Every structure is written in structure tokens, then in C-alpha cells.
There are 2 protein chains.
Amino acid sequence: MIGIRALAKHLNLSIATVSRAINDHPEVNAKTRQRVQQAARELGYVPNQSGRSLRRGETGNVAFMMETGHEITGTGDTFILGVFNGIQTALADHGLDLVAMLCPRHDDAESFLKRMVARGFADGIILSSIKRVDPRVSFLSENKVPFVTLGRTNADMGQSWLDSDFAGMARQSIDRFVARGHRRIALTVPGDTTNLGDIFLDAAGEAMQAHGLELSPELIFRIEPNEEDGYRLAKSILSLADRPTAVFLINPSLTLGLYRGLTEAGIRPGKDIAVIGRDSPQSAFLTPSLTCFREDLDGLGVALGEALLASMPKYARHAPNGAVSKVWPLELVEGESDDLVLAPGISLATRTRSP
Amino acid sequence: MIGIRALAKHLNLSIATVSRAINDHPEVNAKTRQRVQQAARELGYVPNQSGRSLRRGETGNVAFMMETGHEITGTGDTFILGVFNGIQTALADHGLDLVAMLCPRHDDAESFLKRMVARGFADGIILSSIKRVDPRVSFLSENKVPFVTLGRTNADMGQSWLDSDFAGMARQSIDRFVARGHRRIALTVPGDTTNLGDIFLDAAGEAMQAHGLELSPELIFRIEPNEEDGYRLAKSILSLADRPTAVFLINPSLTLGLYRGLTEAGIRPGKDIAVIGRDSPQSAFLTPSLTCFREDLDGLGVALGEALLASMPKYARHAPNGAVSKVWPLELVEGESDDLVLAPGISLATRTRSP
DNA sequence: CGTTCCTCCGGAAACGTTTACATATTTGCC
DNA sequence: GGCAAATATGTAAACGTTTCCGGAGGAACG
């Protein structure tokens, strides 16, 4: 492990010049720059990050905070890894590295974040699983730490955010269900206080009203994003007196459990009940394949990365043109799971009575 | 953001004493230690990591290297997050943090690792997706960087490793298949040069021989760990003249694709063909539920963390008691997917001819 | 009372960089 | 040729910690 001092001596230069050459400063002679960088490559010199960080007051990495033990963003784990790629491509050009900052299960998310910020762990932070009112965003806001959130809080704190278009999903799926004759539509929302549940339900309510229908509270199910709860959801739906004929799944992890729960009771998804859900690598291989909302995860990541860069003084190309707040679009992928048109007056209960 | 200097002044102490108090050095008076720590909490002082790293020559974090864009360890993403928890519980007691070191897709894994090591990114490293001969482990070995691998190389380089018991999986599933009358057994191994494929096949060959059978090369399928390849696998299997009656899936991501591919051809998994696979949160909710190998991911993580700690001079409790090399046990969870007993002489081809 | 040994604390030197400032050399211009 | 400007390099001071060394004060001991 060679240091800048040794490299300088080896080149008969001062460490100052070497440093400038390594960092592509303009005031160093082009020829010496070449010579230095050449030697650095040969001897395997890489600036020590601690020294550099200390002096520059920045670490050169960006942290994506995640809490282990939970399903990461509540939308399955492949989701987040897709986004990581995009973030990295956005950061790579600026010499920033992306690291996942893993909050241990038993730790409080807020105090963990505070500790990391105080330590100077990263130059910018990306938060996900945003709650309606999230102490983490107020904290970062007040302390002027550059950050972006994947998901939005209830009240806008002026920070940048991106969020999947949950309102759009609500509208589109309800329109689609209603157009096919469905009236009783089961909806799912996360059981915790993440904001997306409210956003989804608000839009769903409006969409129903536009069709002269109403959200019935008994058809709103609060779930954890995992297979087990999907299974329980099936049981709950089937135990209702007036069964819904359609169901929307807010999270891809629910699908398989729901399918199994329905199938065990002799209800065939896609035939006896319509299902729309969220995309995952598996959607197309389910039987029936899932009609679902797909999003461009890589693009989402790139957008996140760029929004974060824009909030970091050093990297903001132009004037700090205000915070980014963008709803990320989704595309409906047609599968077999909602291929079910109801004649008026037909309910799931009557259909299944005569199989 | 308060520094140690300000804190010292506020307490009328030298920064030396404050530092010692913060770090629980024994030579500081118990009373002053209390006073210092109290004030630190109140004023929100946390030692700056860059300064500390620079002086101590260590960063206080441990990196788990992963390559985005790939299925992380080739065994699905939930796998790795389960392991993270365990690692963290092992590290937490020693004040170490776990960070995921994300190698961008377009980067070469080896040079990325070298860069990170030279930078002094972490005090210890965990590697996964180990190749038969992996330049990363030789590099870390030669440079005396503390590390552990999840997976083993072909030739032991003397480092610590843990690895899931792929040999055991091979033996157990073949024994089980054969006991139920299967003779033609399809096996899957990763298409790349990860070592586990060889380990698995060696053990499978031996297990077959023990039953007086042989591995036929046409029944060994090299696959990528994703649903698409599972689907293709089904097609390949069905296109064989003498069809296998059983199949082992080395990766959980294959299952759903295989199921779909079989079902489309009218072959019912669990009824017409036996399937054993790897556990995932979904195994139990598949139809038929998957007979699969489950492992204690949290425990695996803890073991990994402890093995790493043992290889770090500062944390090695006792004498450096040599490298850990442990095969991690798996448990067979019985599902519905291999609930199929063949009468002698019955092959899949003849069975499906008369449905 | 003098010596030795603890206990506790402060001064100051590191750790490896970057950068403000100064300095030396060359260039351009009248 | 003299002077200003431009160019290229060196010197040294930071960044925030930790830790070596030394010293003050008190206790223990002869």
C-alpha cells in the first residue's frame, strides 16, 4: 500500500504536485501529469479515502438507507436491486460510489440515521419506505444534508422526491375493473404508516365516485407485503358475505399467496375473480400470468441519482433549480389474471354456486 | 456538527482526555468519563469517521461485495437480505457496521475490489458468488486483507469460508428420488464458473453410483438463475426422447418458470414429474408446494460475521485459531412437488401417453 | 522525609490528503 | 533589457482524530 509521499519521492516531485496531477488540476504541466498518472497506475497508488475525506470534508459515497429484516421497500427485493443499477450509472460519472447503509433490525431508524450523518458517512442520502410524517426527512432537511426520498411524505418538506404513481395505479385498475363489469373491488394497502397507502386510497375513492360507486371499508385490506398475508387475504375475501369479484394487490409478494388461497377454495384466479397486481420477474410465469403494473426500475434509479446530485452543491451543474418532485409512471402489462368480464348482476357468489 | 475540540472546551478538558473518555479508555477517571459521555450525548457529538479512520488506519465498517445487475448470489435476492441480518448481529457488538459494496454492472469485479481495498474502504470484506478459481480471493489473500467467502474456491487458499451444503443436497435428493423409483433424474447447475456446480455434480455422481446408476450428461442442464431459464428448462426436458421423471432445481428462481413450462405441456409437477428445489418465501405457496432445502440464513450470517471477526487481528479474541471452513447444513422441507412414487418400469413418457 | 509507584490528565505529534500561499522559471511585450 | 504576466512547482498549514510521552499530584513504603 503505497502513499502519496512515496510516490512523490519516486518521481522527484513534491506531494503537492503529485496530488494536483492525480486530481487533474489544470495548473500542472501536461507532461508531468502524464508521468504521475502513469506511475500511479504502475505502482498501484490510489488516494487513501480517509485522508481525502478528512481534508475535503466529503466521503465520495452516497448511501441508500435500508432496514434489513423488512421487505426492503415493501415491493419485493428485486425491486431495489433494479433501482441500484440506475442510481449507480447516474453517480458513476462523478466518481461517487453507492453503498447500502444497512440499519440493523433492532435499531431505531431515526437515531441510526442521525449517527451516520454525524459520523460523516456519506455525502448524500437516499431514503425509501417513507412514512406519512417521517422524522428522518425533517432531520435531514433541517441539517441541510443533501438527500432524496423514494416515496413522498404527507406534507412537502421542500426536498426532492420520486414516487411510483400509486394514484395512477388506483385509477387505471378501477377503470379497467369497472369497464369489465366489476362493482365490488377489493383493495390492499400496507398496514404500516407508509404514505403510499393514503395516496392510493384517495385516488381510488375518486375513481370509484367517477363511476358512481363508493369505496366500501370492508373491501379495504391492510396487509404486510409477503406471501403469508396474500394467503390470509384470500381467506378474508372468501369469508365475506357479498364477495368481491376483483382484487388489486399493492405488492408483488402478495400474489402467490393469494393464488394459493383462492385455488384451495376452488376459486380460479382469472376465471372466477379478477386480479391486478404489481410486476416482478415472476409475473409472466404465474398461472394465470399476472396483469400488473410495470415500471422502468433502471430509469427510476437514474432519476433518483440525478435528483440527488442536483441537491448536492458540489455537483449541481447549474443554479439549484429547486427540488425535483416526480411521479414515476407505470405501464399496465396485460396478463391472464383479469381476463374476466362480468354480465351485469353476476357476483362471485352466484357464479361459484354453479361451477 | 460539533467536533471534539468544541466539546473539550465546553468541558474544560483537553481533547486528549475527551477522546479517551469517548473511547472508554481505562486510564480516565470514571467520573470524568461519565461527564464527557453525558455531554457528548446532549450536544450530539459523534466522532468524525474520516478523522478517526485516518488516525486509526481502520474504517469501522465491513463490506459485503455484491454485483448489481446479477441475481446477487445466484440464489435469489431474499437470500442475501436474510444473511445480512445475521452478519450485523455478529458485528454490532464490536461497533462495526455492515455496508453493501456495490460493484457496478459494467465494472470488472476484480479491479473494482482492488480499487476499494486501496482506498481503504473497509476493514474486512465478505465475498460471495465464488468462482472455481477466483482472482479476488488470491488478491485479498496475498495482500493480507481480512476476508471471508460465502462459497469456496476450488483450491483452498487458506482463507475462511462458509458454503451451503450442495453436496448434501445432491446426495439427499438423489437418495430420495431413487427411493421412490426414479431412475432418470434431471439436474441443474449454474452456467457460469461458480464452484458450487462442480461440488454439486461430483456428489451427485457418487450418489448415483451408490445406487448402481450413472449421471447421464444429457440430463445435466446449465442454467441462469431466473424464471425464464426455468421455463426453458421445462421445454428442454420435455423435448428429450427418454424423459426424466424427476428434476432438481439448484436455484429457487427456476421453480415458477419450470412449473409454467410443464403445465403448459400438460405435465403436472408433483403428479407427473417430481421436483425438488431450493427454499424461498414462496415455496409453501406454490401449487404444488415445493419440496425444498431450507437453511438458517440468520445463523449463516452470524457464522460469516464471526468468521470474519476471527480473521481481523484487532477482533480475534484468542489466538488466531486458523481459518474457518464450514459447510452450512440444510434441512429438507417436504412439500407436494415430489409426492410421486413410480412403479418399476414406468417412465414419464408412458405415463403421459394415457392421461 | 525521601523515594517509588500509581492515577489521571495535558501537550504535541502523527495519520494521508488537499490547497492557500509563496517562489522560481519562462514568456510576452514595450 | 526590463517589467508584468503566465506557468509550474514547492512549502506548509490545515482537516479531526488518537496516542505517545511526560508531568503533576497523591498514596504507599522504607
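The questions below go through a predicted model of two protein chains and a DNA strand.

Me: How far can the backbone of chain A be trusted, and what is its mean pLDDT?
Reply: Residues 71–76 of chain A stay under 50 in pLDDT, with 25 contacts beyond four places in sequence. Residues 349–355 of chain A also stay under 50, with six such contacts. Of the residues in chain A, 92% reach 70 or more, and the mean pLDDT is 91.

Me: What kind of axis relates chain B to chain A?
Reply: Two copies of a chain are related by a rotation about an axis and a shift along it. Here chain B is laid on chain A by a turn of 180° and a shift of 0.0 Å along the axis, with an RMSD of 0.1 Å. That relation is therefore a two-fold axis.

Me: Which element of chain B gives the largest share of the side that touches chain A?
Reply: The contact takes 43 residues from each of chain B and chain A. On the side of chain B, the elements giving two or more residues include α4 (49–56), α5 (77–92) and β2 (97–103). By class, that side has 19 nonpolar, 18 polar and six charged residues. The largest share, seven residues, comes from α5(B).

Me: Which residue of β2(B) is the bridge partner of A:M101?
Reply: Strand β2 (residues 97–103) of chain A is joined to β2(B) by three bridges, and the two run antiparallel. In β2(B), the partner of A:M101 is B:V99.

Me: Which residues come nearest to DNA strand D?
Reply: The surface near DNA strand D has eleven nonpolar, nine polar and seven charged residues. Elements of both chains give two or more residues to this surface, among them α2 (15–22) of chain A and α1 (4–11) of chain B. Of the 27 residues around the strand, those that come nearest are A:S14, A:A16, B:I4, B:A16 and B:G51.

Me: Where in chain A is the proline that follows a cis peptide bond from A:T287?
Reply: The peptide bond from A:T287 to A:P288 is cis, with omega near 0°. In chain B, the bond from B:T287 to B:P288 is likewise cis. The place of A:P288 is the loop between β9 (274–278) and β10 (291–294) of chain A.

Me: Is A:S129 buried or exposed?
Reply: A:S129 has a positive phi of about 50° although it is not a glycine, and it sits in the loop between β3 (124–128) and α7 (135–142) of chain A. A residue counts as buried if 20 or more other C-beta atoms lie within 10 Å of its own. A:S129 has 24 within 10 Å, so it is buried.

How values were computed
Residues numbered from 1 in each chain as written. Chains lettered and ligands numbered in written order. Predicted model: local features only at pLDDT ≥ 70, side-chain atom pairs only at ≥ 80, totals over all residues. Least-squares fit on C-alpha atoms with pLDDT ≥ 70 in both. pLDDT = per-residue confidence, 0-100. Contact = placed C-beta atoms within 7 Å. Helix = DSSP H or I, 4+ residues; strand = E, 2+ residues; numbered from the N terminus. Nonpolar A, V, L, I, M, F, W, Y, C, P; charged D, E, K, R; others polar. Pairing = 2+ DSSP bridges. Near = placed C-beta within 6 Å. Buried ≥ 20, exposed ≤ 12 C-beta atoms within 10 Å, placed from the backbone.
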